[in-house]
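Please open the structure in a viewer and keep the sequence panel visible. The tour below proceeds from one selection to the next and states what is found at each stop.

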Amino acid sequence: MEALHIIGEEHQSLAAILHAVRFMLKEVAAGKLASDLPLFQAMVHYLDAYAEKRHHPKEDLLFRRLPQRTAEGAEALVKLGQQHAAAPQRMAALEQALAAYVADAGRFNEFAAAFETYAEFYREHMLLEEEVVLPLLRSHLTPADWTELDQAFRAEMAAKSGKDGNEENFSALFSRLVDCAPAPIGFGPRPFGN
């Protein structure tokens with residue numbers, strides 16, 4: 001069940017980024033923190049490139065196996081499939097709000113509202129996975145299923161680790177984001193630079 005462990009770790013990383021951005025937006029709104037636009041851009045990029053484009057395909061690999069073993073969770077799987085498919089539109093709305101804020105500091109509230117909508121969606125999305133689908137996977141998949149899925153996850157992660165320079169190294173990016181985010185959620189504040 002290494003695949004479930006990987007999904008759990010990824011959910012923790014994604015939740016940390018969501019929490020960090022929410023915290024920073026509240027601090028900026030309260031006048032306690034200067035807005036670090038490159039850091040916001042990097043965090044939104046992480047959510048798009050990692051959560052939507054790397055994490056969801058792994059979940060889809062897992063979720064496709066469940067209907068082969070049980071009819072339970074069918075409604076949740078349909079809803080999650082629709083949510084995964086809607087990722088480009090969801091990210092486009094967030095990226096447009098961020099671009100508008102980068103171009104005009106007076107549009108901070110629009111970006112903050114767009115991010116809150118995204119974060120609340122993502123929280124509900126992960127809860128549906130963790131409270132409904134992941135327990136069903138634990139209950140119904142066979143040892144052979146887990147062996148196959150674990151192997152597929154390891155292969156995907158090795159191929160896309162970023163260590164060969166052909167893919168983005170999300171582990172390193174996550175570390176940089178934490179390094180720049182303000183305390184108590186990170187080690188900064190430090191300006192995020194490329």
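Begin by selecting Leu 136, which lies in helix H5. The model on display is a predicted one. Is Leu 136 buried or exposed? Its relative accessible area is 12%, so Leu 136 counts as buried, the cut-off for that class being under 20%. Show the surroundings of Leu 136 next: leaving out residues up to four places away in sequence, Leu 136 touches Leu 66, Glu 72, Gly 73 and Leu 141. For a sense of scale, add Phe 187 to the selection. Leu 136 and Phe 187 are separated by 51 residues in sequence and by 38 Å in space, C-alpha to C-alpha.

**From Leu 136 to Glu 72**

Move to Glu 72, one of the residues that Leu 136 touches. Glu 72 is placed in the loop between H2 and helix H3, the latter covering 74–85. With a relative accessibility of 43%, Glu 72 is classed as partly exposed. Which residues does Glu 72 touch, not counting those up to four places away in sequence? They are Leu 66, Leu 136 and His 140. Display the side chains of Glu 72 and His 140 as sticks: the two side chains make a polar contact of 2.9 Å. A distance label may also be drawn from Glu 72 to Glu 130; their C-alpha atoms are 15 Å apart in space, and the two residues are 58 apart in sequence.

**His 11 in helix H1**

Glu 130 also leads to the next stop, since it appears among the contacts of His 11. Select His 11, which lies in helix H1. At 3% relative accessibility, His 11 counts as buried. Beyond its neighbours within four places in sequence, His 11 is in contact with His 55, Glu 59, Met 126, Glu 129 and Glu 130.

**The pairing of H2 and H4**

Now colour helix H2 (residues 37–63) and helix H4 (residues 87–103). What angle do H2 and H4 pack at? The angle is about 175°, and the axes are 11 Å apart. H2 is therefore roughly antiparallel to H4, as angles over 145 degrees are assigned to that class. To see the contact itself, select Leu 37, Phe 40, Gln 41, Val 44, Leu 47, Asp 48, Glu 52 and His 56 on the H2 side. On the H4 side, select Ala 87, Arg 90, Met 91, Leu 94, Glu 95, Leu 98, Tyr 101 and Val 102. The residues of this contact comprise 10 nonpolar, two polar and four charged.

**The nonpolar cores**

In soluble globular proteins, nonpolar side chains tend to be buried together. In this model, the largest nonpolar core has 39 residues. Which of its residues touch the most other members? Phe 40, Met 43, Phe 111, Phe 115 and Leu 177 do. At least two residues of this core come from each of helix H1 (2–29), H2, H4, helix H5 (108–140) and helix H7 (170–180). H2 gives the most, with 10 residues.

Centre the view on Phe 40, which also takes part in the contact of H2 with H4. Apart from its neighbours within four places in sequence, Phe 40 is in contact with Val 21, Met 24, Leu 25, Val 28, Ser 35, Leu 98, Tyr 101 and Phe 111. A second, separate core has 19 residues, including Ala 76, Leu 128, Leu 141 and Phe 153. Leu 141 has already appeared on this tour as a contact of Leu 136.

**Two stops in helix H6**

Finish with helix H6 (residues 143–159), in which Pro 143 lies. Pro 143 is exposed, its relative accessible area being 67%. Between Pro 143 and Lys 79, the C-alpha distance is 27 Å, with a separation of 64 residues in sequence.

Asp 150 also lies in helix H6, but is buried, with a relative accessible area of 9%. Where residues up to four places away in sequence are not counted, Asp 150 touches Met 1, Glu 2 and Ala 3. Zoom in on Ala 3: its backbone nitrogen lies 2.8 Å from a polar atom of the Asp 150 side chain. As a last label, join Asp 150 to His 5, which are 145 residues apart in sequence and 9.7 Å apart in space, C-alpha to C-alpha.

Methods: Residues numbered from 1 in each chain as written. Predicted model: local features only at pLDDT ≥ 70, side-chain atom pairs only at ≥ 80, totals over all residues. Heavy atoms only, no water. Axes fitted to C-alpha atoms, helices over the stretch in contact; angles between N-to-C directions. Helix = DSSP H or I, 4+ residues; strand = E, 2+ residues; numbered from the N terminus. Parallel < 35°, antiparallel > 145°, perpendicular 65-115°, else oblique. Contact = heavy atoms within 4.5 Å. Nonpolar A, V, L, I, M, F, W, Y, C, P; charged D, E, K, R; others polar. Core = buried A, V, L, I, M, F, W, Y, C linked by side-chain atoms within 4.5 Å. Buried < 20%, exposed > 50% of the residue type's maximum accessible area, 1.4 Å probe, protein only. Polar contact = N/O pair within 3.5 Å; in protein donor to acceptor, adjacent residues only side chain to side chain.
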